[in-house]
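Hi everyone, thanks for coming along. Today I'd like to walk you through one protein model, slowly, and please have a look at it while I talk.

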Amino acid sequence: MEPKTTIEEVVPVTKEIVEKVEIVAEEKPIVVAEPTKISFPTISSETKVSAFSLASIKAKKELVAQHQSVVKVEDNYPKEPFNETDMLLQWNKFAQKLEDRGHMILHSLLMMNDPKLEGTKIIHELPNEGTKIEFERTKNEILGYLRGMLHNHDIDIEIVVNESMDSKRAFTPQDKFNRLKELNPNLELLRKAFDLDV
């Protein structure tokens, strides 16, 4: 076992060192913090107004006048023109994104049939109220996407419930081609020009 060494053996303690330590200890006085006083604002009797007084009626009228004087500045959102083909292209892209994320019900609601365009209003037919409620849940997300991609913030979607609606789903390649040919008759010319099979 090694013998223990003390500080006095390493550094010889002299009277001079002890006096310096005492002087340093005396130079730093201990400061005690005084408790801070918290002052609460007082409510003057002038600000109190009875709900049934003439002063409250006057205050309400002033408040209404202030709200009316505030003019809402209309933001200059883009309002670029677009056609039904552009809208259908973006509609189908959004439906594909929903399918990629696994939202199959919403994808099928979008692809149930092609929406119609009247000005900037998109009219989409759904077969019943249940599908309408389901569509309404994502309506804002669809609107945001379409407004951004078509650069027009006047776009709105109207849902029409048509219980006698036939689904226009295409199942065979020929059905798909006929449906695309309805949208763009030039596909038949393209098919004939390149002698393509359906």
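Let me start with a definition: helices, of at least four residues, and strands, of at least two, are DSSP runs, and both are numbered from the N terminus. That is how I can say that His-151 is found in the loop between H7 and S3. One caution before we go further: this is a predicted model.

Okay, the overview. How many helices and strands does the protein have? The secondary structure comes to 9 helices and 3 strands. If you read along the sequence, the pattern is α-α-α-α-α-β-β-α-α-β-α-α. The protein has 198 residues, and 20% of them count as buried. Now take the contacts with a separation of 6 or more: residues 24 or more positions apart account for 64% of those.

Let's look at the sheet. This is an open sheet of 3 strands, in the order S1-S2-S3, with mixed pairing. S1 and S3 stand at the edges with a single partner strand each, so one side of each is left without a neighbour in the sheet. From one strand to the next, the twist averages 30 degrees.

What does "mixed" look like here? Begin with S1, residues 116-118, and S2, residues 121-126: these two pair in the antiparallel sense over 3 bridges. If you want a place to put your finger, Lys-116 stands opposite Ile-123 in S2. S1 and S2 form a hairpin, with 2 residues between them. In that turn you'll find Gly-119, which has a positive phi of about 70 degrees.

On the other side of the pairing story, S2 and S3 pair in the parallel sense over 6 bridges, with S3 covering residues 156-161. Two of the bridges are good to click on: Lys-121 has Asp-156 in S3 as its bridge partner, and Ile-122 has Ile-157. As you follow a strand along, here is a handy general point: in a regular strand the side chains alternate between the two faces of the sheet.

Now, what packs on this sheet? H4 lies across S1, S2 and S3, and runs at about 135 degrees to S1. H7 packs on the sheet too, touching S2 and S3, and its direction makes about 135 degrees with that of S3.

Those two helices also meet each other. H4 is residues 84-101 and H7 is residues 139-150; their axes come within 10 Å and cross at roughly 130 degrees. Parallel, perpendicular or oblique: which word fits H4 and H7? Angles over 145 degrees count as roughly antiparallel and 65 to 115 as roughly perpendicular, and the rest, once we leave out those under 35, count as oblique. H4 and H7 are therefore oblique to each other. The crossing of H4 past H7 is right-handed. On the H4 side, the residues making the contact include Trp-91, Phe-94 and Arg-101, and on the H7 side they include Ile-142, Tyr-145 and Leu-150. Sorted by class, this contact has 8 nonpolar, 1 polar and 5 charged residues.

There is another helix pair towards the end of the chain numbering that I'd like to show you. The axes of H8, residues 173-183, and H9 come within 7 Å and cross at roughly 125 degrees. That makes H8 oblique to H9. From H8 the contact uses Phe-177, Leu-180 and Lys-181, and from H9 it uses Leu-187, Glu-188 and Arg-191. By class we get 3 nonpolar, no polar and 3 charged residues.

Last topic: backbone angles. Most residues other than glycine have a negative phi. So which way does His-151 go, positive or negative? Its phi is positive, about 55 degrees, although His-151 is not a glycine. His-151 is partly exposed, with a relative accessible area of 38%. Asp-195 is another one to find: its phi is near 50 degrees, a positive value in a residue other than glycine. Asp-195 sits in the segment after H9, which spans 186-193, and with a relative accessible area of 68% it is exposed.

And one final stop, in the loop between S3 and H8, where Thr-172 lies. Thr-172 counts as partly exposed, at 36% relative accessibility. How far is Thr-172 from Val-198 in space? C-alpha to C-alpha they are 9.8 Å apart, and in sequence they are 26 residues apart. Thanks for listening!

Technical notes:
Residues are numbered from 1 along each chain as its sequence is written. This is a predicted model: local features need pLDDT of at least 70, side-chain atom pairs count only at pLDDT 80 or more; totals for chains, interfaces and linings use all residues. Side-chain values use heavy atoms; hydrogens and water are left out. Two strands pair if DSSP finds at least two bridges between them. Axes are lines fitted to C-alpha atoms, for helices over the stretch in contact, and angles run from 0 to 180 degrees between N-to-C directions. A crossing is left-handed if the near helix is turned anticlockwise from the far one by less than a right angle, and right-handed if clockwise. Contact means heavy atoms within 4.5 Å. Ala, Val, Leu, Ile, Met, Phe, Trp, Tyr, Cys and Pro count as nonpolar, Asp, Glu, Lys and Arg as charged, and the others, Gly among them, as polar. Buried means under 20% relative accessible area, exposed over 50%, partly exposed in between (1.4 Å probe, protein chains only).
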